[in-house]
Amino acid sequence: MTSPIIITGVGKRIGYALAKHFLAQGQRVIGTYRSHYASIDELKSLGAILYQGDFYDDAQVQSLIDELTKLPQIRAIIHNASDWLADSSPYAPNEVLQRMMQVHVSVPYQLNLALEAQLRAGANGEIGASDVIHITDYVMEKGSQKHIAYAASKAALHNMTLSFAAKLAPEVKVNSIAPAMILFNAGDNTEYQQKTLAKALLPKEAGNREIIDLVEYLLNSRYVTGRSHNVDGGRHLK
Ligand SMILES: NC(=O)c1ccc[n+]([C@@H]2O[C@H](COP(=O)([O-])OP(=O)(O)OC[C@H]3O[C@@H](n4cnc5c(N)ncnc54)[C@H](OP(=O)(O)O)[C@@H]3O)[C@@H](O)[C@H]2O)c1
């Protein structure tokens, strides 16, 4: 039996698309979700093993770790779950920062440490390694005036890519993917969409396929680790 790929936040959008992609290949997928959508039942019917949990709840994170450490080996972990809290959210500033650090830094940190043995054991024979992929954000290098805590937490997540790549080599490759405009949210109005598209050299809503293809590249690479891979339409040059 193949080693599973773990994906956090599979209920919608990029996490859901990644889970469906791997299931269609016959790859074992273990996912996490917070809210229950029809997509969750669909992924289960396709064979995914899914755990519900809120990463803001330490006890639920620990239950997830307890389940995942029972696995003998893991092919990859994709840290995708994310909350895009604005600094102006109803939470007090210390709560905003705490939440951003919890979901984007503390949970990936805990999972990577707890699953070290399973990741080392899951090294793909031909490629010679297993993978950890941190999904960060273009703003980790640019910052953000309205999502300062979010951007800082994604920068911290990328910094862990450096540390874990060194710690877990050569059995485990660890990389970041830093997307910009992959998918608009349902409530984004035309004005916002036009303003956002104009930030890139390639003014497009990139779509899930860009992330799926990059994840596939990283999983199949024999020599790429400890790097951030931008999917941002050349925003840094505008
Ligand atoms: N989409 C883009 O254009 C874009 C751009 C830059 C970076 N990214 C990054 O790419 C990744 C995927 O993006 P996306 O747009 O698909 O994300 P998304 O639509 O916001 O979905 C993220 C998933 O994470 C889950 N999640 C959030 N907080 C959680 C918590 N406390 N505990 C457990 N699960 C939680 C959400 O669950 P609920 O459904 O319960 O909320 C959701 O299903 C994220 O890391 C994001 O930061 C995306």
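Two strands are taken to pair if DSSP finds at least two bridges between them, and the helices (H or I, at least four residues) and strands (E, at least two) named below are DSSP runs, numbered from the N terminus. The structure is a predicted model, in which local features need pLDDT of at least 70 and side-chain atom pairs count only at pLDDT 80 or more, while totals for chains, interfaces and linings use all residues. Residues are numbered from 1 along each chain as its sequence is written.

**Exercise 1. The sheet**

Task: work out the order of the strands in the open sheet, and then place strand S4 (residues 76-79) in it.

Solution. Begin with the whole sheet: 7 strands follow one another in the order S3-S2-S1-S4-S5-S6-S7, with parallel pairing. At the edges stand strand S3 (49-52) and strand S7 (228-231), each of which pairs on one side only. Neighbouring strands are turned against each other by 15° on average, direction ignored, where the axes are lines fitted to C-alpha atoms, for helices over the stretch in contact, and angles run from 0 to 180 degrees between N-to-C directions.

Next, take the two partners of S4. Strand S1 (residues 5-7) runs parallel to S4 and is joined to S4 by 3 bridges, with Ile5 opposite Ala76. Strand S5 (residues 130-135) pairs with S4 over 4 bridges, also in the parallel sense; here Ile77 stands opposite Val132, and His79 has His134 as its bridge partner.

Finally, consider the side-chain directions. In a regular strand the side chains alternate between the two faces of the sheet. In S4, Ala76 and Ile78 point one way and Ile77 and His79 the other, and all are buried (a residue is buried if 20 or more other C-beta atoms lie within 10 Å of its own, exposed if 12 or fewer, and partly exposed in between, with C-beta atoms placed from the backbone).

**Exercise 2. The core**

Task: find the residues with the most contacts inside the largest nonpolar core, and the helix that gives the most to it.

Solution. A nonpolar core is a set of buried Ala, Val, Leu, Ile, Met, Phe, Trp, Tyr and Cys residues joined through C-beta atoms within 7 Å. The largest one has 57 residues, and Ile7, Leu18, Ala19, Ile77, Ile78 and Ile133 have the most contacts inside it. Helix H7 (residues 148-168) gives the most, with 7 residues. To follow one member, note that Ile77 touches Ile6, Leu111, Leu115 and Val132, leaving aside residues up to four places away in sequence (contact requires C-beta atoms, placed from the backbone, within 7 Å).

**Exercise 3. Arg13 and the ligand**

Task: describe the backbone and burial of Arg13, and its place in the shell around the ligand.

Solution. Arg13 lies in helix H1 and has a positive phi of about 55° although it is not a glycine. Because Arg13 has 17 C-beta neighbours inside 10 Å, it counts as partly exposed. Turning to the ligand, 24 residues surround it, and Gly9, Arg13, Arg34, Phe55 and Ser82 come nearest (a residue is near if its C-beta atom, placed from the backbone, lies within 6 Å). Helix H1 (residues 13-24) supplies the largest share of this shell, 3 residues.

Note on methods:
Two residues are in contact if their C-beta atoms, placed from the backbone, lie within 7 Å.
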